[in-house]
Amino acid sequence: MHWADFTAQRLKKERGDSQTLASGITPSGEIHLGNLREILTAEMIHRACLDAGLESRYIFIVDSMDPLRRVYPFLSDEYERYIGHPLAFIPAPNPNGTPTSDGVSYADHFLQPFLGALRQIGVVPEVIMNHETYANGGFAAKIESAIEHQDEIREIIQSISGRELANDWFPYNPLGSDGSMDGVVVTGYESPYVNWTDRHGEKGKADIRKAEGKLPWRVDWAARWGIHNISCEPAGKDHGAAGGSFDTGLPICRLLGSEPPGKMVYEWIQLKGMGPMSSSTGNTIGPIEALGLVPPEIIRYLIARSKVNRHIDFDTGSALFEMADEYERLVANPPTGDDQDLNKRQRIARDTQIGAMNLSQVAHGGDPADSVAGVSFRHLSMLAQIKSDDDEIWSSLRASGHISNEPSQALVGRLSRMRNWIDGPHFPDDARIAIQSSVSKEARENLTSEQVAFLAELRSTLNDCEWTDTAIVNCIRRTTESVGISGRDSYIALYWVILGKHHGPRASSLMGEIGRDRFLDLLDI
RNA sequence: GGGCCUGUAGCUUAGUCAGGGUAGAGCGCCGGGCUUUUAACCCGGUGGCCGGGGGUUCGAAUCCCUCCAGGCCCGCCA
C-alpha cells in the first residue's frame, strides 16, 4: 500500500470521517523545492483520504504574520528598519533589493509565484494568510487561553525543549509603535488588550482580536492546529527533533483545549552532493525552475515514489533522466496481476507503484496515460540536440515508430522543456552531445588502419554527396563496401571522429546538422 | 551532550510497522537481434553472506540487544 493510503487509513481510525490536512510556509524569501515536499506530502494524503471516501480539506497556511528576522543577502540595507515587522505589512523587494512602493507586500511577493507553480503541479489548496486569521479574531480565544496558562506553557517549553525562557517572556508578542515586535515588553493584560512598552519608550496596547501582535512560534503552531481542526500536518525533520516544536506543540495544543494531530515527520530534499537546500548558501532550486526542466507529473512522482522518512537527492543530471524514464515505463506498463497469483511482497509492490503513479497525476483522478509522451527523455534529449527544427524531430519519431501521427500535447511540452533544459546549466554532461573540434588523441589510438582508410575514402566521396540524410547514409554504405570493412567498424570510426566515443546517435543525422565543411575538416586526419 | 533517519547487487531502490515461497525491480554492464550502430527498439545474461555480531523462533532483511558507518536536527529561525 502507498504511504498516502496507509496514512489515510490511520487518520480514519484516529480521527474519523472528516480530515483536515495542512501544510505551512514562511514567505521570507524565495520558496524552494524542498518546501514542495511538505506540501505534496500533505496534498497526497488529502487525495488518499478522498479516495478512501473520507471528507477532507487541504489548507495551506502562510506565515504572513511572522516577522522579518534579518536583512537577507538579496535585500538592501533599507530593510534594516523592517526587521521585526510582520511580512504581510512590509513592502516587497525590487530585483535590486530595495523596497517597492506599489503596495505589494513582502509576503505576497514571494507567495504568488509559488502558488502559480503549485497550480501547475495540480495543488490547489485553501490558502490561509495567518495575519488575516489574527486580524479577524480567529486567534483571540487561543491567545486569551495561552495568556491564562502562561506559566504552564513556559514550563512545557522549558522542560521539553530544555531552553531557558527570559524572565519577561510572554506568550504573545505585540507590535510596538513602529510596527516591530522587537524590543517590545509586555507590561500587563486587561482582556482583550495586552499592554506594552516598546524600545522607544512608547506605551500602548494590542487588541488580541486584531493583527496587533502574534503568538510565539511554538504556541502559534499549537494554537492553529486547534483553530483549523488540523488532523495531520507533516513537519520537517527539524521540527521533529526531540524537544522540537512538535514535541512542545502537543501538550500546548491540549492545554489550549484541542486535540493535536499525530506526529508525521518528513525528511528533506537535498541537491545531490550539496547538502540540504538553503537560500542563504544559494544551494537551491525553485519549483519554477524545476518545472522548466521536467513536467509537473515528474515533480509529483519524485515525491510520490519516495518514502516520507527517506531523504531525497534531487539530481538535475542523469538521475533526473532515469526517474523521468522510470515514470514513462511505469505508466506505459503498469504492474498487474491478481492477488492469488502474487505473494505478499509482490502485492505490496504492485499497489505502491500504482498508488505512486496515480498520485503523480496533475489532476486528481486523471488518467496517467494522458501524461506520457511515448518517448524516453534520453532519446528526446538526443534528438533535441541534433535537430534544431521541431518538425524534423516529429518525422524522426514517426520513422522510428515512437509516434504514429501528430505529436501529443504531452510530447510537445516535453520537447520545449527539453530544449530549455539543454540550454541551461542543469543539463548533465554525460547526456550532452559534444561535437569534436578536432580528432582526439584517444580517438586516433582507437582507430585501426582500415578505419583510417575508410575515413580517407569517405572524405573524397562525401565531396560530391548531396547533403541529405539518405544521401549520406548511401554514401557511407558505398564507401564501406568499397573499402571492404564491416558496417559496424565504419560507424565506430565515425563516432570516434565526431564525438570521441565509440557509439552515438544516428550518425547521418549528426553529420547533417554539423554541415559538410565542418565535417570534412574533422576528417582531415 | 540530547535525539531522529538511513545502511539490501556497480548505482537508485521494493520488501521491515502486521516474521514464513529460491530477497523483487529499474538503471548500468555483458551478449545477441533489428539484411550495416538512432544513446532508439526487442530478447537473453551477469550481478546481493539484506552494514557486522549476538539473541528470540520450526522459520529473521523483517522482532530484541549491541557495535560500526553515513546523513541530519536541536539558537524567541520556521
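Reader: In what order do the three strands of the open sheet stand?

Author: In this predicted model, an open sheet is built from three strands with antiparallel pairing. Strand 5 (185-190) and strand 7 (203-207) each have a single partner strand and stand at the edges, so one side of each is left without a neighbour in the sheet. From one strand to the next, the twist averages 30 degrees. The order of the strands is 5-6-7.

Reader: Which residue in strand 7 does tyrosine 193 stand opposite?

Author: Strand 6 covers residues 193-197 and runs antiparallel to strand 7, with five bridges joining the two. Opposite tyrosine 193, in strand 7, stands aspartate 207.

Reader: What share of the atoms of RNA strand B that come within 4 Å of the protein is sugar and phosphate?

Author: Around RNA strand B there are 43 residues, of which Lys237, Arg329, Arg477, Ile492 and Gly504 come nearest. Among the atoms of RNA strand B within 4 Å of the protein, the share of sugar and phosphate is 67%.

Reader: How far does a polar side-chain atom of lysine 237 lie from a sugar or linking oxygen of RNA strand B?

Author: For threonine 26, a polar side-chain atom lies 3.0 Å from a sugar or linking oxygen of RNA strand B. An N or O atom in the side chain of glutamate 322 is 3.1 Å from such an oxygen. For a polar side-chain atom of lysine 237, the distance is 2.5 Å.

Reader: Which helix gives the most to the surface near RNA strand B?

Author: By class, this surface has 13 nonpolar, 13 polar and 17 charged residues. The element that gives the most, with four residues, is helix 20.

Technical notes
Residues are numbered from 1 along each chain as its sequence is written. Chains are lettered from A and ligands numbered from 1 in the order in which they are written. This is a predicted model: local features need pLDDT of at least 70, side-chain atom pairs count only at pLDDT 80 or more; totals for chains, interfaces and linings use all residues. Side-chain values use heavy atoms; hydrogens and water are left out. Two strands pair if DSSP finds at least two bridges between them. Axes are lines fitted to C-alpha atoms, for helices over the stretch in contact, and angles run from 0 to 180 degrees between N-to-C directions. A residue is near a molecule or strand if one of its heavy atoms lies within 4 Å of it. A polar contact is a pair of N or O atoms within 3.5 Å; within protein, one must be able to donate a hydrogen and the other to accept it, and residues adjacent in sequence count only if both atoms are side-chain atoms. Ala, Val, Leu, Ile, Met, Phe, Trp, Tyr, Cys and Pro count as nonpolar, Asp, Glu, Lys and Arg as charged, and the others, Gly among them, as polar.
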